[in-house]
Amino acid sequence: MNTFHVVAVKDDNKAHLVMRRRGQSPRGLAFTIWRALTDIDDRDGALDARQAAAAVKWVKKKGWRPRLVRNKYPFIMKAEGVVLPGDDALLTKLNRIGRELRRLVVVKSGYRNNYQQWVLRMRYLRGEGNLAARCCRSFGERVQHSWAACGKASESNHSYPPKGRAVDCGILLGSGYTSIGNVPAARKLMQDYGLCLEVPGEKWHVTTGTTWRS
Ligand SMILES: [Zn+2]
């Protein structure tokens, strides 16, 4: 069964989960974004295809922007080319943080393969990019090398087998994107859920854990 989720995004980028209301319509196609109602069918907003199509219409009619996703993480928005990591616990927590803040969490880097890590590491060694973990141990730590010669053994949490356990992300505020570590309410929720910013100076690199360095 395909599971869909719909989020309603308002002009100030406030984002609300769309949920079904029970008993309001014979076909079960009445919706709300108002969590405190007693007659809502929450289930984290899971909808089937027909309900999702109706929810999108309902959101548009309200004058909001609908965001329809086909996974369990409707508050997680991938930047272009991003592959989400395979770490379901991490994504579930980030999605929950987005839902509670009523904000989309924008992921700028998720899973990385060895090649992508080599590109970032070489960029870093040339002084052109952010700190990136080593791509292999075939050479000295600071030695630039070709992809052909690379040992292809990324040490980044973004590559941790099988599909990575880190994301670089931020929050979409009314004023635009900011790194997640710049938002006090997000930091609080990350602490509550056992997520942390473990890399000094990187207020965007989120992993599971309690090691706070940013
Ligand atoms: Zn290498």
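This report walks through a predicted protein model, from its overall build to a few individual residues.

## The overall picture

Let's start with the whole chain. The protein has 214 residues, and 35% of them count as buried. Its secondary structure consists of 4 helices and 12 strands. Measured out along the principal axes, the C-alpha atoms fill a box of roughly 70 × 35 × 25 Å.

How far apart in sequence are the residues that touch? Taking the contacts with a separation of 6 or more, 54% are made by residues 24 or more positions apart.

## Two helices that pack together

A good place to look next is where helix 2 meets helix 4. Two packed helices are described by the angle between their axes and by the distance between those axes. Here helix 2 covers residues 88-101 and helix 4 covers residues 184-193; the angle is about 140° and the axes are 10 Å apart. Angles over 145 degrees would count as roughly antiparallel, so helix 2 is oblique to helix 4. The crossing of the two helices is right-handed.

Which residues make the contact? From helix 2 come K93, R96, I97, E100 and L101, and they meet A185, A186, L189, M190 and Y193 of helix 4. Sorted by character, the residues of this contact are 7 nonpolar and 3 charged, with no polar ones.

## A small set of strands

Now for one of the sheets. Three strands form an open sheet in the order 4-3-5, and their pairing is antiparallel. Strand 4 (31-32) and strand 5 (40-41) are the edge strands, each pairing on one side only.

Strand 3, residues 19-21, runs antiparallel to strand 4, and 2 bridges join them. Within this pair, M19 stands opposite T32 of strand 4.

## A closer look at M77

M77 is part of strand 7, which spans residues 76-78. Is M77 buried or exposed? It has 19 C-beta neighbours inside 10 Å and therefore counts as partly exposed; a buried residue would need 20 or more.

M77 also links to a stretch further along the chain. M77 and V106 are 29 residues apart in sequence, yet their C-alpha atoms are 4.7 Å apart in space. Beyond its neighbours within four places in sequence, M77 is in contact with L104, V105, V106 and V107.

## Backbone details in the loops

Most residues other than glycine have a negative phi, and most peptide bonds are trans. With that in mind, a few spots in the loops are worth finding on the model.

One of these spots is a cis peptide bond between P161 and P162, with omega about 0°. P162 sits in the loop between helix 3 (114-125) and strand 9 (167-173). K152 lies in the loop between helix 3 and strand 9 too, and its phi is positive, near 55°. K152 counts as partly exposed because it has 15 C-beta neighbours inside 10 Å.

The other spot is R43, in the loop between strand 5 and helix 1 (49-61). R43 is a residue other than glycine with a positive phi, near 40°. What about its surroundings? With 10 C-beta neighbours inside 10 Å, R43 counts as exposed.

Conventions. Residues are numbered from 1 along each chain as its sequence is written. This is a predicted model: local features need pLDDT of at least 70, side-chain atom pairs count only at pLDDT 80 or more; totals for chains, interfaces and linings use all residues. Axes are lines fitted to C-alpha atoms, for helices over the stretch in contact, and angles run from 0 to 180 degrees between N-to-C directions. Angles under 35 degrees count as roughly parallel, over 145 as roughly antiparallel, 65 to 115 as roughly perpendicular and the rest as oblique. A crossing is left-handed if the near helix is turned anticlockwise from the far one by less than a right angle, and right-handed if clockwise. Two residues are in contact if their C-beta atoms, placed from the backbone, lie within 7 Å. Ala, Val, Leu, Ile, Met, Phe, Trp, Tyr, Cys and Pro count as nonpolar, Asp, Glu, Lys and Arg as charged, and the others, Gly among them, as polar. A residue is buried if 20 or more other C-beta atoms lie within 10 Å of its own, exposed if 12 or fewer, and partly exposed in between; C-beta atoms are placed from the backbone. Two strands pair if DSSP finds at least two bridges between them.
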